[in-house]
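Subject: Structure handover

Dear colleague,

Here is the structure I said I would pass on. My notes follow below it.

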Amino acid sequence: MVMKTRAWTLSARPERLPLRDHFALHEFADPPLDEGAVRVRNLWLTVGPAMRVRMSAETRGYLPPYDLGMPMGGWAIGEVVASNAATLSQGDLVIHQYGLRDFGQGPASAFEKLPRPGPAPEHYLNALGSTGYTAYVGLVEIGKPQPGETLFVSGGAGAVGSTAIQIGKALGLRVIGSAGGAAKGRLLRELGADAAIDYKSSGSLVDKLAAAAPEGIDIYIDNVGGAHLDAALALARPHARFALSGMISSYSQERASDTMHNLNRIVTQRIRVQGYLPFTDHLDGLGHFRDQMWSWIEAGTFTPLQTVRDGLDCVPQAIEDLFAGGFTGKPLIRL
Ligand SMILES: NC(=O)c1ccc[n+]([C@@H]2O[C@H](COP(=O)([O-])OP(=O)(O)OC[C@H]3O[C@@H](n4cnc5c(N)ncnc54)[C@H](OP(=O)(O)O)[C@@H]3O)[C@@H](O)[C@H]2O)c1
């Protein structure tokens with residue numbers, strides 16, 4: 001019997017923001033399962049900002065562009081339904097990158113087995129996965145926080161940002177978050193932020209950050225780039241640490257158009273600025289991080305923020321909404 005997979009494909013490359021019409025659902029016939037390979041029925045999918053970078057024709061990120069008309073990838077959780085590998089058995093739960101489709105198939109080495117019994121599997125797409133680890137590496141390993149210091153987090157109502165805010169409070173920091181709109185500002189307060197900035201309201205971002213942090217900031221987790229990074233530079237205290245996880249404000253522009261006014265403060269304030277890819281350079285610490293994060297969740301110190309939608313059909317709308325600010329926390333799609 002021929003196995004089939006329904007997968008979302010990129011049908012046209014967006015020039016600016018991705019819209020639902022840029023995607024099409026196709027059915028693909030899968031080859032027979034190779035020796036050492038497994039087939040997985042997906043249970044949970046997610047969408048993330050890095051997907052936009054892969055929608056451009058040229059390589060702009062650390063992952064290759066999506067091919068038009070071919071299945072797109074992304075993080076997913078699935079259950080093994082067939083296995084030709086000694087390391088995985090039918091019924092195992094796995095995390096992998098054959099996302100945005102109903103079935104995934106490939107070498108067993110591309111699938112990480114999840115512990116059973118253990119945390120609900122969807123946690124591995126959020127707090128215990130790439131999202132949580134990106135926030136943790138940026139704040140703990142690069143930010144090197146000291147209790148009482150001031151942390152600024154852009155994209156504060158998003159997946160990484162909402163995680164960084166809560167970890168910052170767990171570590172005894174004064175935390176300022178920024179997000180678009182008053183409702184998201186209230187959410188940042190509920191997450192524990194000491195001050196919230198609405199970057200979409202009138203007025204300069206530098207003035208808003210100066211009002212929230214009159215004595216400046218010690219650590220900046222940059223999820224947004226552009227004007228947010230420039231404002232953070234303007235308010236950086238001596239020896240501040242900047243962890244740059246990504247720059248969503250530039251992903252839908254073919255060329256960055258932001259003008260930076262405060263780069264000289266990297267020198268005068270002796271700021272340490274570091275971009276990072278946690279799953280490239282920091283994999284050794286993932287196990288320890290998961291233990292720490294799960295103990296925070298079990299103790300009620302940390303509450304994963306996520307928005308759940310249902311069904312494979314909602315994928316293109318979820319991608320459109322992600323860039324329009326339509327989610328809080330991590331978007332999760334339940335199949
Ligand atoms: N280095 C890594 O390995 C790694 C891993 C994961 C994520 N990342 C990066 O971390 C950042 C956050 O990722 P995430 O998954 O947590 O996404 P996210 O922050 O949940 O992204 C969606 C949010 O971004 C905000 N946004 C969209 N366009 C914006 C703009 N032009 N200016 C300011 N905010 C804008 C919107 O919130 P508002 O409503 O507040 O505008 C939206 O809700 C991204 O830059 C991503 O690429 C890096």
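A polar contact here means a pair of N or O atoms within 3.5 Å. The model is a predicted one.

By that cut-off, a polar backbone atom of methionine 247 is in contact with an oxygen atom of the ligand, at 3.3 Å. Two further pairs involve ligand oxygen: one with a polar backbone atom of glycine 180, at 2.8 Å, and one with an N or O atom in the side chain of lysine 184, at 2.6 Å. On its own the ligand has 920 Å² of accessible area, of which the protein covers 88%.

The shell around the ligand has 26 residues, and those that come nearest are Val160, Gly180, Lys184, Tyr199 and Tyr251. Sorted by class, the shell holds 16 nonpolar, 9 polar and 1 charged residues. Domain 1 (3-125 + 305-334) and domain 2 (130-279) each contribute at least three residues to the shell. At least two shell residues come from each of the helices α2 (130-142), α3 (159-170) and α10 (315-323).

Now the sheet. Six strands form an open sheet with parallel pairing, in the order β10-β9-β8-β11-β12-β13. The edge strands, β10 (195-198) and β13 (272-275), have a single partner strand each, so one side of each has no neighbour in the sheet. On average, neighbouring strands of this sheet are turned by 15 degrees against each other, direction ignored.

Within the sheet, β8 (residues 150-153) runs parallel to β11 (residues 217-222), and 3 bridges join the two. Valine 153 stands opposite isoleucine 221 in β11.

Regards

How values were computed
Residues are numbered from 1 along each chain as its sequence is written. This is a predicted model: local features need pLDDT of at least 70, side-chain atom pairs count only at pLDDT 80 or more; totals for chains, interfaces and linings use all residues. Side-chain values use heavy atoms; hydrogens and water are left out. A residue is near a molecule or strand if one of its heavy atoms lies within 4 Å of it. A polar contact is a pair of N or O atoms within 3.5 Å; within protein, one must be able to donate a hydrogen and the other to accept it, and residues adjacent in sequence count only if both atoms are side-chain atoms. Accessible areas come from the Shrake-Rupley method with a 1.4 Å probe; for residues, only the protein chains shown count as cover. Helices (H or I, at least four residues) and strands (E, at least two) are DSSP runs, numbered from the N terminus. Ala, Val, Leu, Ile, Met, Phe, Trp, Tyr, Cys and Pro count as nonpolar, Asp, Glu, Lys and Arg as charged, and the others, Gly among them, as polar. Domain bounds come from an automatic or database domain assignment. Two strands pair if DSSP finds at least two bridges between them. Axes are lines fitted to C-alpha atoms, for helices over the stretch in contact, and angles run from 0 to 180 degrees between N-to-C directions.
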